[in-house]
Every structure is written in structure tokens, then in C-alpha cells.
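The following exercises ask for a close reading of a protein model and its ligands. Each task is followed by a solution in steps.

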Amino acid sequence: MKIALIGYGKMGQLIEKLAMGRGHEIVVKIHIDNTEEFTRPNLQKANVAIEFTGPDSAFENIKRCIDYNLPVVSGSTGWNENLESIRAYCKEKNGSFLHASNFSIGVNIFFEVNKYLAKLMASHNQEYDVSLKEIHHTQKKDSPSGTAVTLAEQVLEIFKTKKNWVKGYSSNREDLSIISERIDPAPGTHQVKYSSGIDDIEIIHTAHNRGGFALGAIQAAEYIHDKKGIFTMQDVLQIK
Ligand SMILES: NC(=O)C1=CN([C@@H]2O[C@H](COP(=O)(O)OP(=O)(O)OC[C@H]3O[C@@H](n4cnc5c(N)ncnc54)[C@H](OP(=O)(O)O)[C@@H]3O)[C@@H](O)[C@H]2O)C=CC1
Ligand SMILES: O=C(O)C1=N[C@H](C(=O)O)C[C@H](O)C1
């Protein structure tokens, strides 16, 4: 594949290294100091774009890739309020788009475990209170993490005692608290905890490095580069 990298920070640089190791070519690199090179002729040298910038720039970057008819994979988090509108735009333009709050296979398995645990809790015991915690490095711009929001949305869908998620601790039992901690060099830890007076049940995913995120993003690009539509990591990894 010929890849355009949009964003050349921690993730962009690791994706470049792993993608080259898989025989792919990086034909365009857009970073904060050369955004004037984000042009149609430049981007059309690639057959897929991988976007890892951040919450303020993701929407415009993805829209431009769709306008240039380039399939785009994005891992930028912290802009969920605009995700549905970019999906609609992509459909309207007959483009290809995949966004994931977390690309690692481990977290995508963890998402399934989270849903299963929430189902068991919802059907067998209403005494447990559920909360979430995430830990990331201090350079992270968004809080709570995109992965924590996905986990929270999965719980809310199933565990109906909770009505909405909130950032930080809440004593209201209808709120699903998400606690965020920023400690270097944590690449990403997520915990879902059910607590009762009798016992606790916790599930935890701990990333040891960014390798899983980068590899998953490349696998997603390999999956969508010759397809049209809106895809998820469930399509790529075939887990359900
Ligand atoms: N889905 C997943 O699996 C994962 C998602 N992420 C998410 O991906 C995003 C990037 O993470 P990470 O690489 O660690 O962050 P970094 O801050 O290391 O890299 C992002 C880079 O993008 C640059 N940038 C900002 N705006 C633009 C723009 N308009 N055009 C081009 N480049 C731009 C930033 O420059 P500057 O610093 O100067 O602003 C920075 O160099 C974050 O939102 C993070 O939460 C991270 C890991 C995994
Ligand atoms: O910014 C990060 O580093 C990460 N961001 C993603 C998120 O917000 O969930 C995924 C991963 O946890 C690392």
C-alpha cells in the first residue's frame, strides 16, 4: 500500500516504522510544520491515509481525505461530537472511513469482555455499582480517553441503572464516573470496576507500549484501502 500519514507524532512515527516493516510505502507525511503540503495532488499519490493528530484537527483532516477520494483510517480521540456527521459525509460522498478509539486487538477483545460482564451484572445483580478509571501519559490532550468513553457507552447501553457517564467522581448512583489519571509514561490503562458491600469485580487492560495501537491501525488501512463504506475494528478483526 502507499500510505499518507496525517500527523507525525508518537503514533505517526511508530506507524511509519511498522508499516515499512510490512512492505508498505509512506508516500506523504503531513505534520504540523508542512500542512500546506496537504493538497489533492500530494494525497492522490497514496491509496490510503492514516490520521493520528488530535481532537482539534481530526474532523477537517478526515473531511479533506474524503474530498480527495482517499480511504481514511483515524485514531484521533476527543472529538466524538463530530463523529456521526463525518460518517454521514463519508456515506454521502461514497468514501471509505474507519475510526476506532483504540486499535489494539487486546482492547477490542476487552470491549467484548466489558459488554459480556455488563450483561451478567444487569441480569443477575443490581447491588453492584460500576465505575471506570483510565491512566495515560501527561502529554495526552483529551480526558477522559476515547477508549474509556467507548467502554462507558457500552456499559450504559446494557447496565440501565446508569443513565450517563460523567468526568470525575460522582456520588449519584445514576452517574457512571470516569476517573482519569495522568502519569508518565503510561501508554494506556483502562479499568472497569463493579463494587458491592460484599466484593469487587475488576477487569483491566494495560498497554505496555503503543505497538498494538499502531499495528491495528495498519491492519485497518490494509482492510479498507480497496473498499467503500464505513467500517469498524470489529469488521477488521472479526471479533464478536
Ligand atoms: N485510537 C487509538 O488506538 C489511539 C489513539 N490515539 C490518539 O491519536 C491522537 C494522536 O496521538 P499521538 O500520536 O500520541 O499524539 P502526538 O501529540 O504525539 O502526535 C500528534 C501530532 O499531530 C500534530 N498535529 C496537530 N494538528 C495537526 C494538523 N492539523 N496536521 C498535521 N499534524 C497535526 C501534532 O503537532 P503539535 O504537537 O505541534 O500540535 C503532533 O505532532 C490523539 O488524539 C490520541 O488520543 C493515540 C494512541 C492510540
Ligand atoms: O492518547 C493516547 O496515548 C491514547 N489514546 C487513545 C484513547 O484516548 O483511548 C487510545 C490509547 O489508550 C492511547
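The exercises below concern a predicted model and proceed from domains to helix pairs, ligand shells and backbone geometry.

**Exercise 1. Domains**

Determine which domains the assignment gives and how many residues of each are in contact with the other.

Solution. Step 1: the domain assignment gives domain 1 (2-103 + 211-237) and domain 2 (105-206). Step 2: the centres of the two domains, taken over C-alpha atoms, are separated by 27 Å. Step 3: at the contact, 11 residues of domain 1 meet 11 residues of domain 2. Step 4: on the side of domain 1 that touches domain 2, α7 (211-224) and α8 (233-237) each supply at least two residues. Step 5: by class, this side of domain 1 has three nonpolar, eight polar and no charged residues.

**Exercise 2. The pair α3 and α4**

Describe how helix α3 and helix α4 pack, and list the residues through which they meet.

Solution. Step 1: packed helices are described by the angle between their axes and the distance between the axes. Step 2: for helix α3 (residues 58-67) and helix α4 (residues 83-92), the angle is about 5° and the axes are 10 Å apart. Step 3: angles under 35 degrees count as roughly parallel, and α3 and α4 are therefore roughly parallel to each other. Step 4: from α3, Phe 59, Ile 62, Lys 63 and Ile 66 meet Ile 86, Tyr 89 and Cys 90 of α4. Step 5: the contact of α3 with α4 has six nonpolar, no polar and one charged residues.

**Exercise 3. The pair α5 and α6**

Characterise the packing of helix α5 on helix α6, including the handedness of the crossing.

Solution. Step 1: helix α5 (residues 105-124) and helix α6 (residues 146-158) pack at an angle of about 30°, and their axes are 9 Å apart. Step 2: α5 and α6 are therefore roughly parallel to each other. Step 3: the crossing in which α5 passes α6 is right-handed. Step 4: α5 contributes Val 107, Phe 111, Asn 114, Lys 115, Ala 118, Lys 119 and Ala 122, which meet Thr 147, Thr 150, Leu 151, Gln 154, Val 155 and Ile 158 in α6. Step 5: by class, this contact of α5 with α6 has seven nonpolar, four polar and two charged residues.

**Exercise 4. The pair α1 and α7**

State the packing angle of α1 and α7 and the classes of the residues in their contact.

Solution. Step 1: α1 and α7 pack at an angle of about 65°, with 9 Å between their axes. Step 2: α1 passes α7 in a right-handed crossing. Step 3: Met 11, Leu 14, Ile 15, Leu 18 and Ala 19 of α1 make the contact with Phe 213, Ala 214, Leu 215, Ala 217 and Ile 218 of α7. Step 4: the contact of α1 with α7 divides into 10 nonpolar, no polar and no charged residues.

**Exercise 5. The ligand shells**

Identify the residues around ligand 1 and ligand 2 and the elements or domains that supply them.

Solution. Step 1: ligand 1 is surrounded by 25 residues, the closest being Gly 9, Lys 10, Met 11, Ser 57 and Gly 75. Step 2: helix α1 (residues 10-21) provides the largest share of this shell, three residues. Step 3: the shell around ligand 1 divides into nine nonpolar, 14 polar and two charged residues. Step 4: around ligand 2 are Thr 77, Ser 101, Asn 102, His 136, Lys 140, Ser 145, Gly 146, Thr 147, Gly 188 and Phe 213. Step 5: the shell around ligand 2 has one nonpolar, eight polar and one charged residues, and draws at least three residues from each of domain 1 and domain 2.

**Exercise 6. Backbone geometry**

Locate the cis peptide bonds at Pro 144 and Pro 185, and the positive phi of Asn 69.

Solution. Step 1: most residues other than glycine have a negative phi, and most peptide bonds are trans. Step 2: Ser 143 and Pro 144 are joined by a cis peptide bond with omega of about -5°; Pro 144 is in the loop between β6 (129-136) and α6. Step 3: a cis peptide bond also joins Asp 184 and Pro 185, with omega of about 0°, and Pro 185 lies in the loop between β8 (175-182) and β9 (189-195). Step 4: Asn 69, although not a glycine, has a positive phi of about 65°; Asn 69 is in the loop between α3 and β4 (72-74).

Terms used
Residues numbered from 1 in each chain as written. Chains lettered and ligands numbered in written order. Predicted model: local features only at pLDDT ≥ 70, side-chain atom pairs only at ≥ 80, totals over all residues. Near = placed C-beta within 6 Å. Helix = DSSP H or I, 4+ residues; strand = E, 2+ residues; numbered from the N terminus. Nonpolar A, V, L, I, M, F, W, Y, C, P; charged D, E, K, R; others polar. Axes fitted to C-alpha atoms, helices over the stretch in contact; angles between N-to-C directions. Parallel < 35°, antiparallel > 145°, perpendicular 65-115°, else oblique. Contact = placed C-beta atoms within 7 Å. Domains from an automatic or database assignment. Left-handed = near helix turned anticlockwise from the far one by under 90°.
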